[in-house]
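Me: I've got a protein up on the screen and would like to talk it through. Can you help me get my bearings?

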Amino acid sequence: MADHQPHLVEDALRTLGVDRAEMREANRRWQSMVRSRGFPHGERRFRSVIGPAETVSARRIGDLECRALLWPVPLWPDLRFEVLTGPGGAVWNEWLVRAPGAAGPALASVEDLRPWSCTVDEVAAAPALRPVRPMEGTAPSRWRLALGDGSVAHFTWGLLQYVDRTD
């Protein structure tokens with residue numbers, strides 16, 4: 001997220017009481033773990049690092065049955081880190097979503113799309129932004145949505161980073 005919103009990342013580090021060196025060290029440890037041969041795969045990977053999920057539920061997406069695991073996110077109390085898994089615990093998707101029961105932002109126009117204010121599914125469902133069309137992302141953790149006015153909303157880990165406007 002620092003690629004797109006470095007000032008927001010700096011604010012977040014202050015809020016969490018962490019400095020850049022600690023952030024880099026945490027990322028180094030995570031990268032080392034995920035590349036290790038002995039590190040668990042699938043949903044076990046997340047449980048081993050961030051503990052048991054706050055909630056686990058069955059979810060149907062079209063004809064597919066999956067499990068949705070949700071963890072709280074200290075920086076954003078109204079969001080959850082969601083991992084969708086298929087048979088055998090294979091991870092299908094991982095991103096930030098609105099917490100169950102938490103109200104999302106009112107999205108009446110593209111001007112309401114502020115960095116870190118909304119998730120992919122909230123933008124996709126906003127009637128004022130339709131038609132919305134998914135686009136290929138620039139990395140596995142990044143998504144893009146083409147909006148009805150020709151703008152493109154860019155997301156990292158499911159959280160809005162910025163909007164390319166057509167005007």
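**Finding our way around**

Reply: Sure, and keep in mind that this is a predicted model. One way in is the contacts with a separation of 6 or more: residues 24 or more positions apart account for 33% of them.

Me: What pattern do the helices and strands follow along the sequence?

Reply: There are four helices and eight strands to place. Reading along the sequence, you get α-α-α-β-β-β-β-α-β-β-β-β.

Me: How does the radius of gyration sit against the globule rule for 167 residues?

Reply: The globule rule gives 15 Å for 167 residues, and the protein is close to that, so it is as compact as a globular protein of that length. The C-alpha trace spans about 50 × 45 × 30 Å along its principal axes. The radius of gyration itself is 17 Å.

Me: Which residues touch the most other members of the largest nonpolar core?

Reply: That core has 18 residues. Strand 4 (91-98), helix 4 (120-125), strand 6 (142-146), strand 7 (152-156) and strand 8 (159-164) each supply at least two of its residues. Another core, of 15 residues, lies apart from it, with Leu-13, Ala-53, Phe-81 and Trp-116 among its members. In the largest core, the ones you want are Leu-107, Leu-113, Val-123, Leu-129, Leu-147, Phe-155 and Leu-160.

Me: Is Trp-116 buried or exposed?

Reply: Trp-116 sits in the loop between strand 4 and helix 4. Its phi is near 65°, a positive value in a residue other than glycine. Under 20% relative accessible area means buried. Trp-116 has 14% relative accessibility, so it counts as buried.

Me: And what is the relative accessible area of Trp-157?

Reply: Trp-157 lies in the loop between strand 7 and strand 8. Trp-157 isn't a glycine, yet it has a positive phi of about 55°. Most residues other than glycine have a negative phi. Trp-157 counts as partly exposed, with a relative accessible area of 32%.

Me: Which residues does a cis peptide bond join?

Reply: Most peptide bonds are trans. Look in the loop between helix 4 and strand 5 (133-135), where you'll find Pro-131. With omega at about -5°, the cis bond joins Arg-130 and Pro-131.

Me: How far apart are the mean positions of the positive and negative charges?

Reply: The protein has 21 positive and 21 negative charges. Take the mean position of each set, and the two come out 7 Å apart.

Key:
Residues numbered from 1 in each chain as written. Predicted model: local features only at pLDDT ≥ 70, side-chain atom pairs only at ≥ 80, totals over all residues. Heavy atoms only, no water. Rg over C-alpha atoms; globule rule 2.2 N^0.38 Å. Contact = heavy atoms within 4.5 Å. Lys, Arg positive; Asp, Glu negative; His and termini not counted. Charge placed at Lys NZ, Arg CZ, Asp CG, Glu CD. Core = buried A, V, L, I, M, F, W, Y, C linked by side-chain atoms within 4.5 Å. Buried < 20%, exposed > 50% of the residue type's maximum accessible area, 1.4 Å probe, protein only.
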